[in-house]
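Visitor: I am new to this one. Please pick the metal site and take me through it closely.

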Amino acid sequence: MQKVRNTRQRQVIMSILKEADRPLSINEIYNLIIDKLPRIAKSTIYRNIDLLLEQNLIEKYYFNDNEVFYRFKEDKNNHTHFLICDDCKEVYNLKHCPMREIEDSIKAEGFIVKDHQIQITGICKKCAGNHQDI
Ligand SMILES: [Zn+2]
Ligand SMILES: [Zn+2]
């Protein structure tokens, strides 16, 4: 029984992340999930998120002073970086990972790279335009 329930919880978390147009924090996931699974505990969400990360199905990001956000991974073999506008919260994808060359040179030194994060904060073109109008 336990196993079936866990699978269901994981599916709901996955569908929430898939439908979201931006990365979600644990609190946001929790607020969305309690409509569907009112009895779920936050610790259960954390456990499922960890499993999804292990299975490489979602990605983890740090924003706003290291608050953690999660996003559904479109392509298991690739990863994307993105910018979120401080004003409108719109998400912009970076076309390429700028870390590849750096990682290659680090690997050449014999260091095993497991993961990397890139955090860029700022304001999008649209909002920057708005600021100038004021
Ligand atoms: Zn904006
Ligand atoms: Zn990267």
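Guide: Buried means under 20% relative accessible area, exposed over 50%, and partly exposed in between (1.4 Å probe, protein chains only). This is a predicted model: local features need pLDDT of at least 70, side-chain atom pairs pLDDT 80 or more, while totals for chains, interfaces and linings use all residues. Residues are numbered from 1 along each chain, chains are lettered from A and ligands numbered from 1 in written order, and side-chain values use heavy atoms, without hydrogens or water.

Now the site. Zinc ion (ligand 1) has the protein donors Cys85, Cys88, Cys124 and Cys127. Each gives its SG atom, and they lie 2.2 to 2.3 Å from the zinc. (A donor is an N, O or S atom within 2.8 Å of the metal, or 3.2 Å for Na, K and Ca; water is not among the atoms, so sites may look incomplete.)

Look at the angles next. The four donor atoms subtend 107 to 115° around the zinc, so the arrangement is tetrahedral (four donors, all angles between 85 and 135 degrees).

Along the chain, the donors follow the spacing C-x2-C-x35-C-x2-C. Cys88 and Cys124 are 36 residues apart, and this pair links distant parts of the chain. Cys88 is in the loop between β4 (82-85) and β5 (91-93). Cys124 is in the loop between β6 (121-122) and α5 (125-133). (Helices, H or I of at least four residues, and strands, E of at least two, are DSSP runs numbered from the N terminus.)

Finally, compare their surroundings. Cys88 has 33% relative accessibility, so it counts as partly exposed. Cys124 has 8%, so it counts as buried.

Note on methods. Tetrahedral: all angles 85-135°; square planar, octahedral: opposite > 155°, others 65-115°.
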